[in-house]
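Visitor: Before I look at individual side chains, could you show me how to read a model of this kind, feature by feature?

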Amino acid sequence: MKTVINSLVEQYLETGVDFLHVDLDAYRDPASQSEGPVHSRLALRREPLAEDADSSPKRLDFGMSHGAIPVDSDFQFGADLELAAGEKQALLFTQSLATVAKLKFLCKQQSELTLIFVSEAASRFDLDFELGENAELRLNLVLIENLELAKNLRLKQGPDERAIQVQPHFTLEASARCDLHAVILDGNASIKSQAELRAPGANFNYASAIFAHPQSQHSYEVETHHQAAKTFSQIRSHAVLDHDATVELISRGRIERSAAGSQCRQDMKGICLDETGTALCYPLLFIDEYDIEASHASGVGQIDDDSLFYLMSRGLSEAEAKRLMMRAFLEAILTGVSDVALSSFLHQRLDRMIEEC
């Protein structure tokens with residue numbers, strides 16, 4: 001985990017992004033003991049980025065109402081953060097012990113936020129985003145966790161368990177817009193998103209990319225609820241599956257009778273590197289209004305033989321051609337990541353993972 005953190009710190013030190021590291025383990029007290037979960041209410045207090053390029057950005061500090069958290073307890077906490085207008089912010093959450101977090105973000109104007117979760121323990125993060133009228137949010141969401149942990153969890157607890165779970169919930173008022181890019185590159189993980197489009201002009205765009213390691217299991221589930229007229233949503237998911245990996249992609253679009261003039265688009269694609277991978281795609285539409293535009297599509301298969309032959313005829317080896325096609329397939333999603341430092345980190349990590357295939 002330290003390697004990942006150091007790499008991210010190096011990337012963000014070269015940018016003007018307000019980068020904050022939240023080390024949740026820092027709030028555990030080895031001397032304390034507790035039976036059952038400990039609940040805490042935390043208040044965010046941001047610390048400035050270090051001016052010295054050789055020093056790491058300071059950890060985001062929390063004011064705690066409960067006191068020290070025992071090491072052997074399930075850590076449960078909540079926090080609120082109002083996003084500053086026009087600012088670019090990045091929060092890195094790390095923990096090595098089980099954590100349940102509930103975070104609320106308020107967006108009233110135009111904001112850009114990156115959330116990165118690096119986990120070495122089975123954890124769940126419930127995220128609540130409230131977008132006011134005419135608000136705009138560009139959100140990057142990344143899950144990275146311990147591969148060995150993911151393997152052990154699956155062996156001990158069964159295939160439906162996920163080492164790290166993130167559940168974002170969005171409410172969008174009139175003319176609010178949210179562009180979400182979600183990326184899973186390691187281990188077992190799941191993201192379950194819900195978006196409520198409550199007023200005319202609300203717009204929700206969701207793009208996700210998964211690189212599923214051998215024997216890993218991932219789940220992306222997103223639901224858009226069109227509750228008002230002239231609301232818009234677009235869902236895109238791309239997944240690459242290595243040996244014996246499983247990926248489940250579920251998209252539900254719900255359009256109420258009062259949502260005339262709305263548009264709902266769904267597109268999900270998966271590439272299996274061999275016959276052992278399993279990609280399950282469920283694009284679902286539930287429509288109670290005639291005057292709308294909606295479409296859904298999905299496709300799963302292995303790397304196209306004709307495209308592979310074409311690249312090899314231009315001098316590439318089979319392995320080089322496959323790596324190029326995998327990179328291009330996921331690049332269609334990663335190009336939308338607005339955070340420059342995060343984009344650089346993701347491309348470096350993705351290139352290394354593809355080379356190991």
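Guide: We will go from the chain as a whole to its cores, then to its helix pairs, and last to a few single residues. Please keep in mind throughout that this is a predicted model.

Visitor: How many helices and strands does the protein chain have, and what share of its residues count as buried?

Guide: The secondary structure of the protein chain comes to 5 helices and 21 strands, and of its 357 residues 50% count as buried. Among contacts between residues at least 6 apart in sequence, 82% join residues at least 24 apart.

Visitor: Which residues have the most contacts inside the largest nonpolar core?

Guide: The general idea is that in soluble globular proteins nonpolar side chains tend to be buried together. In this model the largest nonpolar core has 52 residues, and those with the most contacts inside it are Leu115, Phe117, Leu127, Phe129, Leu141 and Phe204. A second core of 36 residues is separate from it, and includes Tyr12, Val17, Ala321 and Ile333.

Visitor: If I take Leu141 as an example, which residues is it in contact with, leaving aside its neighbours within four places in sequence?

Guide: With those neighbours left aside, Leu141 is in contact with Leu115, Phe117 and Leu127, with Val166 and Pro168, with Leu180, His181, Ala182 and Val183, and with Ile191.

Visitor: Now the helices: at roughly what angle do the axes of α4 and α5 cross?

Guide: Two packed helices are described by the angle between their axes and the distance between the axes. Here the axes of α4, residues 318-334, and α5, residues 340-355, come within 10 Å and cross at roughly 155°. Angles over 145 degrees count as roughly antiparallel, and α4 and α5 are therefore roughly antiparallel to each other. The crossing in which α4 passes α5 is right-handed.

Visitor: Which residues in α4 meet which residues in α5?

Guide: From α4 the residues are Arg323, Met326, Arg327, Leu330, Glu331 and Leu334, and they meet Leu346, His347, Leu350, Asp351, Ile354 and Glu355 in α5. Sorted by class, the contact of α4 with α5 has 6 nonpolar, 1 polar and 5 charged residues.

Visitor: Are α3 and α4 parallel or oblique to each other?

Guide: The axes of α3, residues 305-313, and α4 come within 9 Å and cross at roughly 120°. An angle from 65 to 115 degrees would count as roughly perpendicular, whereas α3 and α4 are oblique to each other; their crossing is right-handed. In this contact Ser307, Leu308, Leu311 and Met312 in α3 meet Glu318, Ala321, Lys322, Leu324 and Met325 in α4, and the residues divide into 6 nonpolar, 1 polar and 2 charged. Ala321 also belongs to the second core mentioned above.

Visitor: Turning to the backbone, which sign does phi have at Ser175, and where does the residue lie?

Guide: Most residues other than glycine have a negative phi. Ser175 has a positive phi of about 60° although it is not a glycine, and it lies in the loop between β12 (164-172) and β13 (177-184). Its relative accessibility is 39%, so Ser175 counts as partly exposed. The C-alpha atoms of Ser175 and Pro200 are separated by 6.4 Å, although the two residues are 25 residues apart along the chain. Leaving aside neighbours within four places in sequence, Ser175 is in contact with Asn134, Ala135, Pro200, Gly201 and Ala202.

Visitor: What is the phi of Lys230, and is that residue buried or exposed?

Guide: Lys230 has a positive phi of about 55°, and it too is not a glycine. This residue lies in the loop between β16 (217-226) and β17 (232-241), and, at 53% relative accessibility, Lys230 counts as exposed.

Visitor: To end with a residue in a strand, where does Ser295 lie, and which residues is it in contact with?

Guide: Ser295 lies in strand β21, residues 293-302, and because its relative accessibility is 30% it counts as partly exposed. Leaving aside neighbours within four places in sequence, Ser295 is in contact with Cys264, Arg265, Gln266 and Leu285. For Leu285, which is 10 residues apart from Ser295 along the chain, the C-alpha atoms are separated by 8.2 Å.

Key. Residues numbered from 1 in each chain as written. Predicted model: local features only at pLDDT ≥ 70, side-chain atom pairs only at ≥ 80, totals over all residues. Heavy atoms only, no water. Core = buried A, V, L, I, M, F, W, Y, C linked by side-chain atoms within 4.5 Å. Buried < 20%, exposed > 50% of the residue type's maximum accessible area, 1.4 Å probe, protein only. Contact = heavy atoms within 4.5 Å. Axes fitted to C-alpha atoms, helices over the stretch in contact; angles between N-to-C directions. Helix = DSSP H or I, 4+ residues; strand = E, 2+ residues; numbered from the N terminus. Parallel < 35°, antiparallel > 145°, perpendicular 65-115°, else oblique. Left-handed = near helix turned anticlockwise from the far one by under 90°. Nonpolar A, V, L, I, M, F, W, Y, C, P; charged D, E, K, R; others polar.
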